[in-house]
Amino acid sequence: MQNKIQEAITAAQRIVVVQADNPDADSLGSALALEHILGDLGKDVALYCGVNVPEYLRYLSGWDRVLDNLPSQFDLSIIVDASTYTLLDKLEKSGQMGWLKAKPCIVLDHHATVEKKIDFTDLQIVDEHVASTGELIFHLSVSLGWSVSAEAAEHIMSSILGDTQGLMNDLTTAGTYRVMADLTDKGANRPRLEELRREYGKMPEKIYTYKGQLIARTEFFADGRLALVHIPQPEINEYSPLYNPAPLIQFDMLQVRGVAVAIVIKTYDDGRVTAAIRANNGYPVAGKLAEHIGGGGHDYAAGFKVTDGRSYDEVKAEVLRFTTNLLDTKHGDIA
């Protein structure tokens with residue numbers, strides 16, 4: 001597969017790197033790393049995401065080069081950190097998914113559990129044994145002899161730190177630490193990245209006050225093992241442009257003694273119900289829950305989107321039932 005990917009990239013001049021509609025540090029870091037790596041190979045690279053890059057990710061230099069309109073002219077697309085149609089809803093609704101299908105397309109991902117898997121290309125590497133798509137890109141670069149500059153190394157490091165919660169969850173392996181050392185040798189500066197992340201993570205006073213409201217509204221279920229908070233459309237409209245409510249509150253939810261899983265559910269006026277799921281070490285249930293409801297992800301970070309008309313109350317009831325059973329059965333498969 002690596003040789004086929006090398007051939008596809010060699011044959012292309014104009015390449016667009018595509019992120020899912022829910023960008024995070026892994027997807028953005030992977031996209032920016034590829035921009036540098038492929039640029040050093042002499043390629044013309046464009047970056048696409050169907051939504052605006054959240055402010056808390058704007059410590060990653062180059063975020064402002066990400067377009068929210070897919071270029072009409074390209075020879076090859078590379079989808080990073082997603083291998084499912086579900087996370088590319090903007091492209092599907094605009095009809096531009098057909099543009100990807102009409103050209104060679106490469107998929108690079110590490111999520112083992114997905115719904116509606118992308119099926120129009122066989123140029124796919126989905127490696128569930130790496131901590132992030134950025135780590136996958138680093139291994140691919142080494143294997144194919146691509147140069148990884150200091151800038152690319154820093155973006156890959158950001159992707160790894162994002163998905164491993166700062167190397168603190170079970171996605172982190174001995175291989176991840178080796179990659180982090182190699183990235184440091186190539187010029188990535190973790191203390192600088194952390195300083196930038198903290199600076200851009202600072203919140204306006206309005207968001208600080210809102211965070212207090214979310215803390216007060218957090219509900220606890222399954223004997224305190226499941227923390228859940230609901231974000232309705234008016235709050236999405238008011239606060240999301242300033243700070244995404246899920247990362248604003250989820251870390252604190254996981255810091256509550258006894259909590260294994262933290263879930264932030266958003267509801268929209270058009271009937272959509274979406275959720276971000278995060279789990280603490282030792283509770284690898286996020287991917288199973290997301291897949292059951294209608295989404296995907298990996299053991300400790302996942303999400304779902306419901307568009308079949310189920311109400312918030314219906315989705316919430318099934319989330320509570322299924323998560324409780326997962327925790328009670330020590331994360332085994334259940335009906």
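This report looks at the nonpolar cores and the strand pairing of one protein model. The model is predicted, and the description below should be read with that in mind.

The largest nonpolar core holds 48 residues, and those that touch the most other members are Ile9, Leu34, Leu76, Ile78, Ile106, Leu108 and Leu183. Several elements contribute to this core, for at least two of its residues come from each of helices H1, H2, H5, H6 and H7 and from each of strands S1, S4 and S5. The largest share, eight residues, is supplied by H2. In soluble globular proteins, nonpolar side chains tend to be buried together.

Leu108 gives a closer view of this core. Once its neighbours within four places in sequence are left aside, the residues in contact with Leu108 include Ile5, Leu34, Ile78, Val80, Ile125, Leu136 and Leu140, and also Asp81 and Thr133. Apart from the largest core there is a second, separate core of 29 residues, among them Ala131, Leu171, Leu289 and Phe304.

The table sets out two strand pairings.

| Strands | Direction | Bridges | Residues standing opposite |
|---|---|---|---|
| S1 and S2 (residues 44-48) | parallel | five | Val17 and Leu47 |
| S2 and S3 (residues 66-67) | parallel | two | Tyr48 and Leu67 |

Strand S2 therefore appears in both rows, since bridges join S1 to S2 and S2 to S3, by the DSSP runs that define each strand. Between S1 and S2 the chain passes through H2, and this β-α-β crossover is right-handed. Helix H2 is thus part of the crossover, while H2 also supplies eight residues of the largest core.

Definitions and conventions
Residues are numbered from 1 along each chain as its sequence is written. This is a predicted model: local features need pLDDT of at least 70, side-chain atom pairs count only at pLDDT 80 or more; totals for chains, interfaces and linings use all residues. Side-chain values use heavy atoms; hydrogens and water are left out. A nonpolar core is a set of buried Ala, Val, Leu, Ile, Met, Phe, Trp, Tyr and Cys residues joined through side-chain atoms within 4.5 Å. Buried means under 20% relative accessible area, exposed over 50%, partly exposed in between (1.4 Å probe, protein chains only). Helices (H or I, at least four residues) and strands (E, at least two) are DSSP runs, numbered from the N terminus. Contact means heavy atoms within 4.5 Å. Two strands pair if DSSP finds at least two bridges between them. A crossover is right-handed if, with the strands pointing away from the viewer, the path from the first strand over the helix to the second runs clockwise.
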